[in-house]
Amino acid sequence: MIRRQRLAAGVCALLAALAAGMAFPAAATAGEPTGEATAKVDLVLDVSGSMRTRDIDGGTRMAAAKQAFNEVLDATPEEVQLGIRTLGANYPGNDRKTGCKDTAQLYPVSALDRTEAKTAVATLSPTGWTPIGPALLKAADDLQSGDGSKRIVLITDGEDTCAPLDPCEVAREIAAKGIGMTIDTLGLVPDTKLNKQLSCIAEATGGTYTSVEHTAELTDKVNQLVDRAADPVVTPVATEGAAQCTDAPTLKSGLFTDREEFGQQRWYRVEVMAGQELRASVSVAADRAVGPDYGALLRAVTVHGREIVRGEAAGNGRTDVISTGLRYPKPERDDDSDKPAAETVCLQVTNSFSAASGVKTTPGLPLELTVDVVDGPSHSGDVASFGLGRGWWLLGVLVLVGFLAGLIWGWLSRWRVAVWRTN
């Protein structure tokens with residue numbers, strides 16, 4: 001009897017495994033990197049006088065940064081081109097105008113020679129001012145060329161000392177160029193004003209801010225950001241929407257960035273063929289202080305102004321980004337004409353953000369628009385089945401497994417009762 005019970009359990013397990021394999025087929029790989037684009041990272045290190053302070057693991061902030069850089073250089077992936085830029089490393093004087101120009105490329109953004117880069121880092125000594133804004137502008141120039149991901153990693157222990165060139169405004173200016181550049185910031189001091197400035201810089205470009213107080217934390221975070229740069233990404237294309245559909249740019253499938261003023265409408269055009277489906281989504285980011293209630297609206301309309309479909313979302317201050325999307329399947333043509341039936345669909349993006357008191361309204365808010373035009377459903381497997389979509393496969397398999405398991409369990413129960421009666 002025990003052997004038969006084990007056999008039945010094995011049959012149930014096998015059926016469950018087969019069901020799992022049928023219900024969850026291997027995912028199709030999409031968006032594989034082509035190998036043509038090269039990821040680039042520029043590490044921007046603060047070498048100002050305050051980096052002499054001894055408050056990180058018993059050593060100076062500069063010593064912690066050097067140790068972290070050496071470990072990061074050893075772990076940098078071969079496919080990443082890495083450079084190092086300094087700020088405040090060369091001018092020890094008190095002339096503010098000269099000190100605010102003190103940023104230099106210590107190691108160019110290129111294929112990494114670890115020995116040469118480590119030697120360059122070893123020569124650094126805390127010296128002067130903290131020109132974060134000028135350093136970010138130069139770092140953006142370091143990464144300007146190429147189609148791969150571009151990431152600036154800023155490590156500093158103090159606020160910028162070269163206002164009115166506000167580093168947060170500099171970050172917004174970099175984001176407005178639409179070159180897909182991300183700025184991540186790391187603060188070596190848990191200071192409220194520094195945290196606010198570095199958070200603003202990071203948020204303006206979709207980057208991250210991290211406060212670190214130990215060498216190991218600094219090493220781990222910089223390694224993580226460098227590795228992230230090597231991940232395959234879709235490079236957004238800068239575009240400029242129009243005030244009305246007739247003047248709007250015509251977009252193909254892809255990822256696009258733009259800037260939209262508070263409460264402004266932006267228009268874009270997409271050509272959709274008969275039998276195709278338009279899928280579009282938009283995200284609008286609040287990269288500065290805004291009112292607590294806001295929304296985003298994405299409409300697809302005809303060239304004559306008739307609304308086809310819309311997507312909308314509302315927020316209440318709990319998130320800095322609001323997103324919405326829509327889908328429009330264009331039916332196949334009924335006539336036999338060989339001429340393609342293209343339709344111009346106008347996409348309208350509107351936001352209801354309001355600027356907080358005293359906040360600049362220019363440049364506009366960062367906008368990211370995704371457009372995807374695909375072949376429409378051509379067979380029943382592409383559309384919903386009884387309201388379940390592709391989930392009916394899972395439901396069917398579960399029903400079958402349940403039915404077979406019930407038969408086996410009933411047979412075992414009858415067999416056990418027969419054995420009991422015999423004994």
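Which residue in β17 is the bridge partner of S283? I looked it up: S283 has E368 opposite as its bridge partner in β17.

**Entry 1: ground rules.** I am working with a predicted model, in which local features need pLDDT of at least 70 and side-chain atom pairs count only at pLDDT 80 or more, while totals for chains, interfaces and linings use all residues. Residues are numbered from 1 along each chain as its sequence is written, and side-chain values use heavy atoms, with hydrogens and water left out.

**Entry 2: the whole chain.** I counted nine helices and 17 strands in the protein chain. Both kinds of element are DSSP runs numbered from the N terminus: helices are H or I with at least four residues, strands are E with at least two. The protein chain has 423 residues, and 44% of them count as buried. Buried means under 20% relative accessible area, exposed means over 50%, and partly exposed is in between, with a 1.4 Å probe and protein chains only. I also noted an accessible surface of about 22,300 Å² for the protein chain, with 54% of it belonging to carbon and sulfur atoms. Such areas come from the Shrake-Rupley method with a 1.4 Å probe; for residues, only the protein chains shown count as cover. Next I took contacts, meaning heavy atoms within 4.5 Å. Among those between residues at least 6 apart in sequence, 75% join residues at least 24 apart.

**Entry 3: the sheet with β17.** I returned to the strands of my opening question. Five strands form an open sheet in the order β9-β10-β17-β12-β15, and the pairing is mixed. Strands pair if DSSP finds at least two bridges between them. At the edges I found β9 (237–238) and β15 (321–329), each pairing on one side only. β12 (residues 276–285) is joined to β17 (residues 365–375) by nine bridges in the antiparallel sense.

**Entry 4: a four-strand sheet.** I then followed an open sheet with the order β11-β16-β13-β14 and antiparallel pairing. Its edges are β11 (265–273) and β14 (307–315); each has a single partner strand, so one side of each is left without a neighbour in the sheet. On average, neighbouring strands here are turned by 15° against each other, direction ignored. Axes are lines fitted to C-alpha atoms, for helices over the stretch in contact, and angles run from 0 to 180 degrees between N-to-C directions. Between β13 and β14 I found eight bridges, with the strands antiparallel. In that pairing, G295 stands opposite A314 of β14.

**Entry 5: aromatic rings.** Rings of Phe, Tyr and Trp (its six-membered ring) pair if their centres lie within 6.5 Å; planes under 30 degrees apart count as stacked, over 60 as edge-to-face and the rest as tilted. By this rule I get one aromatic pair. Its members are Y294 and F353, with ring centres 4.4 Å apart and planes at 15°, so the pair is stacked. The two residues are 59 apart in the chain: Y294 is in strand β13 (residues 294–301), and F353 is in the loop between β16 (342–351) and β17. I checked their cover as well: Y294 is buried at 5% relative accessibility, and F353 is buried at 3%.

**Entry 6: strand β1.** How many of the eight residues of β1 (residues 39–46) are buried? The answer is eight. On one side these are A39, V41, L43 and L45, and on the other K40, D42, V44 and D46. β1 runs parallel to β4 (residues 80–87), joined by eight bridges, and V41 stands opposite L82 there. With β6 (residues 150–156), β1 pairs in the parallel sense over six bridges; in this case L43 faces V153.

**Entry 7: helices α2 and α8.** I found that the axes of α2 (residues 61–75) and α8 come within 9 Å and cross at roughly 35°. T219 has its place in α8 (residues 215–229). T219 is buried, with a relative accessible area of 4%. Leaving aside neighbours within four places in sequence, I list A68, E71 and V72 as the contacts of T219. These three are among the α2 residues that meet α8.

**Entry 8: last items.** In helix α5 (residues 132–142), eight of the eleven residues are buried, including I132, L136 and D142. G93 lies in the loop between β4 and α3 (96–99) and is partly exposed at 23%. I placed G93 and W129 8.8 Å apart, C-alpha to C-alpha, with their positions 36 residues apart in sequence.
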